[in-house]
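Visitor: I'd like to learn how to read a fold from a model like this one. Could you walk me through it?

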Amino acid sequence: MEIKYKNSNLSLTIYVYGELDECSASNAKNILDKLLFDNLTAKKVIFDLSGLSFMDSTGIGLLIGRYKKLKQFNIPSYITGASVATEKVIELAGLYNIMPKF
């Protein structure tokens, strides 16, 4: 799994590549937490999942955790680029109710 980001116009876009599952979640959590902490001036955070080939419920939990951290600072978060398979997992979990599509 790989994570890249782009910060422009007070919008932080986080690009997630590879698989987001139990094996990669711990490392992803550490990377994302540092990235979010370093960019608390962002007005919104967009998680671009277009490079994600697989995500399970552990990935959903990871995204919910980042949503909660951002909510503490009143920073809205969004999801974009989910594949058909990833989108099914997101919809079943109801994640779009708290992190809308961008």
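Guide: Let's start with the naming: helices (H or I, at least four residues) and strands (E, at least two) are DSSP runs, numbered from the N terminus. By that naming, Phe73 sits in the loop between helix 2 and strand 4. And keep in mind that this is a predicted model.

Visitor: Then confidence comes before anything else. Where is it lowest, and where is it highest?

Guide: The mean pLDDT for the protein is 96, and 100% of the residues score at least 70. Helix 3 (residues 84-93) has the lowest confidence with a mean of 94, while strand 4 has the highest at 98.

Visitor: Good. Now the sheet: what is the strand order?

Guide: The general idea is that strands of a sheet pair through backbone hydrogen bonds, either parallel or antiparallel. Here you've got an open sheet of 4 strands in the order 1-2-3-4, with mixed pairing. Strand 1 (2-8) and strand 4 (77-80) are the edges; each has a single partner strand, so one side of each lacks a neighbour in the sheet. On average, neighbouring strands are turned by 20° against each other, direction ignored.

Visitor: Which strands pair in the antiparallel sense?

Guide: Strand 1 and strand 2 do, over 7 bridges. To fix the register, look for Lys4, which stands opposite Tyr15 in strand 2. The hairpin of these two strands has 2 residues between them, and Asn9 takes a positive phi near 50° there.

Visitor: And how many bridges hold the parallel pair of strand 2 and strand 3?

Guide: That pair has 9 bridges. Tyr15 turns up again, standing opposite Asp48 in strand 3, and Tyr17 stands opposite Gly51 in strand 3. Moving on across the sheet, strand 3 and strand 4 run parallel and are joined by 4 bridges. Asp48 stands opposite Thr80 in strand 4.

Visitor: Parallel neighbours make me think of crossovers. What handedness does the unit of strand 2, helix 1 and strand 3 have?

Guide: It's a right-handed β-α-β unit. Going from strand 3 through helix 2 to strand 4, the chain makes a β-α-β crossover that is right-handed too. For the packing, helix 1 lies across strand 1, strand 2 and strand 3, at about 170° to strand 2. Helix 2 lies across strand 2, strand 3 and strand 4, at about 175° to strand 3.

Visitor: Onto the interior, then. Which residues have the most contacts inside the largest nonpolar core?

Guide: In soluble globular proteins, nonpolar side chains tend to be buried together. In this model the largest nonpolar core has 27 residues, and Ile14, Val45, Phe47, Leu49 and Ile90 have the most contacts inside it. Strand 2 (11-20), helix 1 (22-37), strand 3 (44-55) and helix 2 (57-72) are the elements giving two or more residues to this core. Try selecting Val45: beyond residues up to four places away in sequence, Val45 touches partners including Leu12, Ile14, Leu36 and Leu70.

Visitor: Can we contrast two single residues? Is Thr86 buried or exposed?

Guide: Thr86, which is found in helix 3, has a relative accessible area of 2% and counts as buried because that is under 20%. Leaving aside neighbours within four places in sequence, Thr86 contacts Leu49, Leu52 and Met55. Phe73, back in the loop between helix 2 and strand 4, is partly exposed, with a relative accessible area of 46%.

Visitor: Last one: how does sequence separation look against distance in space?

Guide: Phe73 and Lys43 are 30 residues apart in sequence, and their C-alpha atoms are 9.7 Å apart. For Thr86 and Leu62, 24 residues apart along the chain, the C-alpha separation is 14 Å.

Key
Residues are numbered from 1 along each chain as its sequence is written. This is a predicted model: local features need pLDDT of at least 70, side-chain atom pairs count only at pLDDT 80 or more; totals for chains, interfaces and linings use all residues. Side-chain values use heavy atoms; hydrogens and water are left out. A nonpolar core is a set of buried Ala, Val, Leu, Ile, Met, Phe, Trp, Tyr and Cys residues joined through side-chain atoms within 4.5 Å. Buried means under 20% relative accessible area, exposed over 50%, partly exposed in between (1.4 Å probe, protein chains only). Contact means heavy atoms within 4.5 Å. Two strands pair if DSSP finds at least two bridges between them. Axes are lines fitted to C-alpha atoms, for helices over the stretch in contact, and angles run from 0 to 180 degrees between N-to-C directions. pLDDT is the predictor's confidence in each residue, from 0 to 100. A crossover is right-handed if, with the strands pointing away from the viewer, the path from the first strand over the helix to the second runs clockwise.
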